[in-house]
Amino acid sequence: MTDAGDPGFSNRTGRPPGRVITAVSRFVPAIRRVQQQIEPYAAYWEQRNRTELARTGPLCVALGDSMAQGVGASAPECGWFGQLVGLLPGWRTVNLSQYGARVDDVLDAQLPAALRLHPDLLLCLIGSNDLMQPKHQEGVGSRYAALLDRLPRGTVVGNQPGTFAAAVQVNGLIDDAVRRRGLVLAELRDPRTRHWRGKLASDRFHPNDRGYAAITEVFGEALRRAGY
């Protein structure tokens with residue numbers, strides 16, 4: 001870390017978007033509009049992180065993927081973490097999420113960067129990019145188990161709303177870690193975050209403002225249960 005306001009971390013994985021989504025976005029304006037948010041939203045969070053770390057007060061850090069970035073929303077602060085900021089008055093709120101991040105990115109990069117900041121509260125929602133792409137599903141259980149074993153006690157972890165086999169496996173690991181390690185569950189197996197009619201962005205993959213508001217509600221309830 002070079003100064004008090006520099007987390008020494010980039011909100012970019014360095015990987016380009018997948019070849020299929022890049023090709024399709026050239027011909028489908030609705031997808032292209034969402035893809036064009038990636039760079040400016042990452043830049044927004046990097047600048048905001050520097051500002052937040054230069055302040056004083058308790059520190060909350062988010063780990064995750066494009067959903068914590070707010071991709072698909074009308075503005076980066078309308079993603080689930082951006083909306084959650086309003087529920088934490090007086091807190092410094094730092095977002096280490098990255099577009100396209102997978103479990104390994106949190107385990108190898110985001111979590112170590114977060115722990116160097118000594119957060120008072122850690123939030124984590126990750127796994128969609130592993131679970132929705134068959135080539136990344138293999139071994140996701142062992143990767144997720146390793147991540148859960150390294151998250152500090154009291155971390156608020158969102159689970160997966162899907163009901164397919166790989167998502168059920170990950171959710172079983174999360175449920176076990178909540179019982180065994182004192183993590184706090186943000187329960188996304190909830191009708192508000194399982195039914196997406198009217199809650200998706202124009203690419204039909206990322207949430208829109210309404211979809212993110214539903215995720216924020218679930219995380220807000222988890223924070224209240226944990227006493228925040």
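Let's start at Arg143: beyond its neighbours within four places in sequence, Arg143 is in contact with Val103, Asp104, Leu107, Asp130, His136 and Glu138. Keep in mind that this is a predicted model. Arg143 sits in helix α9, which covers residues 140-150. Is this arginine buried or exposed? Its relative accessibility is 17%, and because the cut-off for buried is under 20%, Arg143 counts as buried.

Two of the contacts of Arg143, Val103 and Asp104, give us a way to the next element. Helix α6 spans residues 103-116 and lies across β1 and β3, running at about 170° to β1. From here we can step onto the sheet itself.

The sheet is open and has five strands, in the order β2-β1-β3-β4-β5, with parallel pairing. At its edges are β2 (92-95) and β5 (184-186), each of which pairs on one side only. From one strand to the next, the twist averages 20°. As a general reminder, strands of a sheet pair through backbone hydrogen bonds, either parallel or antiparallel.

Now let's walk across the strands, beginning at the β2 edge. Strand β1 (residues 59-64) runs parallel to β2, and four bridges join the two. If you would like to find the register on screen, look for Leu59, whose bridge partner in β2 is Arg92, and for Ala62, whose partner in β2 is Asn95. Although β2 is an edge strand, both of its faces are covered: Arg92 and Val94 on one side, and Thr93 and Asn95 on the other, are all buried.

Moving on, β1 pairs with β3 in the parallel sense over five bridges. Cys60 is a handy marker here, with Leu121 as its bridge partner in β3. Next along, β3 pairs with β4 (residues 156-158), again in the parallel sense, over two bridges. In this pair, Leu123 stands opposite Val156 of β4.

Why is β3 described as largely enclosed by the rest of the structure? Five of its five residues are buried, so the strand is largely enclosed. Its side chains split between two directions: Leu121, Leu123 and Leu125 point one way, while Leu122 and Cys124 point the other way, and all are buried.

Next comes the second largest pocket, which holds about 520 Å³ of space. Its lining is made up of 27 residues, and those nearest the pocket centre are Met67, Ser128, Met132, Pro161 and Trp196. The elements that give two or more residues to this lining are α4 (66-69), α7 (128-131) and α11 (191-194). Of the lining, the largest share, three residues, comes from α7. What is the mix of residue classes in the lining? There are 14 nonpolar, 10 polar and three charged residues.

We can finish with two backbone details. His118, in the loop between α6 and β3, has a positive phi of about 55° although it is not a glycine. At 65% relative accessibility, His118 counts as exposed, because the cut-off for exposed is over 50%. Arg204 also has a positive phi without being a glycine, this time of about 65°. You will find Arg204 in the loop between α11 and α12 (209-225). With a relative accessible area of 58%, Arg204 is exposed, whereas Arg143, where we began, is buried.

Key: Residues are numbered from 1 along each chain as its sequence is written. This is a predicted model: local features need pLDDT of at least 70, side-chain atom pairs count only at pLDDT 80 or more; totals for chains, interfaces and linings use all residues. Side-chain values use heavy atoms; hydrogens and water are left out. Two strands pair if DSSP finds at least two bridges between them. Axes are lines fitted to C-alpha atoms, for helices over the stretch in contact, and angles run from 0 to 180 degrees between N-to-C directions. Contact means heavy atoms within 4.5 Å. On a 1 Å grid over the protein atoms alone, a cavity is a set of points where a 1.4 Å probe fits but cannot get out, and a pocket is an open set with protein on both sides within 12 Å along at least five of seven lines; lining residues have an atom within 4 Å of a point. Grid points are joined across faces, edges and corners, and a volume is the space filled by probe spheres set on the points. Ala, Val, Leu, Ile, Met, Phe, Trp, Tyr, Cys and Pro count as nonpolar, Asp, Glu, Lys and Arg as charged, and the others, Gly among them, as polar. Buried means under 20% relative accessible area, exposed over 50%, partly exposed in between (1.4 Å probe, protein chains only).
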